[in-house]
Amino acid sequence: MDRPTSNAQASSLRKSLLPLGTVLFMMGLCAPLAWYAGRLLDRHGPAASLAGLPPLELLLAVGLLALPFAALRLLGIDWQPDR
């Protein structure tokens, strides 16, 4: 017979699932950067340097890099839980 889950156990379960959801959310936010990096690689080749990128492309890459961290900060998600 199944035992009912107590509130403390349910709370613990939700807390343990939060990092998984956060990781999936971060991966979704990093997907545009991965797509853009692949696009730059196809266009400029593997030997290209960041210094050779036009300013607008470099600005877009930096913005896409900052997107996941800015979204986590705005949503108030603790992405570095207490150790």
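**Exercise 1.** In this predicted model, decide whether Leu60 is buried, partly exposed or exposed.

*Solution.* Step 1: locate the residue. Leu60 is found in helix α2.
Step 2: read its relative accessible area, which is 43%.
Step 3: compare with the cut-offs. Buried means under 20% and exposed means over 50%, with partly exposed in between. Leu60 is therefore partly exposed, because its relative accessible area is 43%.
Step 4: place Leu60 relative to Tyr36. The two residues are 24 apart along the chain, and their C-alpha atoms are separated by 8.9 Å.

**Exercise 2.** Find the aromatic pair of the structure and classify its geometry.

*Solution.* Step 1: search the whole structure; one aromatic pair turns up. Its members are Trp35 and Tyr36.
Step 2: take the two descriptors. A pair of aromatic rings is described by the distance of the centres and the angle of the planes. For Trp35 and Tyr36 these are 6.4 Å centre to centre and 45° between the planes.
Step 3: apply the limits. Planes under 30 degrees apart count as stacked, over 60 as edge-to-face, and the rest as tilted. The pair of Trp35 and Tyr36 is tilted.
Step 4: check the surroundings of each partner. Trp35 has 58% relative accessibility, so it counts as exposed. Tyr36 has 3%, so it counts as buried.

**Exercise 3.** Is Glu57 buried or exposed, and which residues does Glu57 touch?

*Solution.* Step 1: Glu57 lies in helix α2, which covers residues 55-75.
Step 2: its relative accessible area is 10%, so Glu57 is buried.
Step 3: leave out residues up to four places away in sequence; Glu57 then touches Tyr36, Leu40, Arg43 and His44.

**Exercise 4.** Which residues form the largest nonpolar core, and which helices supply them?

*Solution.* Step 1: the core has five residues, namely Tyr36, Leu40, Leu53, Ala61 and Leu64.
Step 2: α1 and α2 each supply at least two residues of this core.
Step 3: follow one member outward. Not counting residues up to four places away in sequence, Leu64 touches Pro32, Leu33 and Tyr36.

**Exercise 5.** Describe the largest pocket by its volume and its lining.

*Solution.* Step 1: the space in the largest pocket is about 210 Å³.
Step 2: the lining includes Leu33, Tyr36, Leu40, His44, Leu53 and Ala61.
Step 3: helix α1, residues 7-44, gives the largest share of this lining, with six residues.
Step 4: sort the lining by type. Nine residues are nonpolar, three are polar and none is charged.

Note on methods:
Residues are numbered from 1 along each chain as its sequence is written. This is a predicted model: local features need pLDDT of at least 70, side-chain atom pairs count only at pLDDT 80 or more; totals for chains, interfaces and linings use all residues. Side-chain values use heavy atoms; hydrogens and water are left out. Rings of Phe, Tyr and Trp (its six-membered ring) pair if their centres lie within 6.5 Å; planes under 30 degrees apart count as stacked, over 60 as edge-to-face and the rest as tilted. Buried means under 20% relative accessible area, exposed over 50%, partly exposed in between (1.4 Å probe, protein chains only). Helices (H or I, at least four residues) and strands (E, at least two) are DSSP runs, numbered from the N terminus. Contact means heavy atoms within 4.5 Å. On a 1 Å grid over the protein atoms alone, a cavity is a set of points where a 1.4 Å probe fits but cannot get out, and a pocket is an open set with protein on both sides within 12 Å along at least five of seven lines; lining residues have an atom within 4 Å of a point. Grid points are joined across faces, edges and corners, and a volume is the space filled by probe spheres set on the points. Ala, Val, Leu, Ile, Met, Phe, Trp, Tyr, Cys and Pro count as nonpolar, Asp, Glu, Lys and Arg as charged, and the others, Gly among them, as polar. A nonpolar core is a set of buried Ala, Val, Leu, Ile, Met, Phe, Trp, Tyr and Cys residues joined through side-chain atoms within 4.5 Å.
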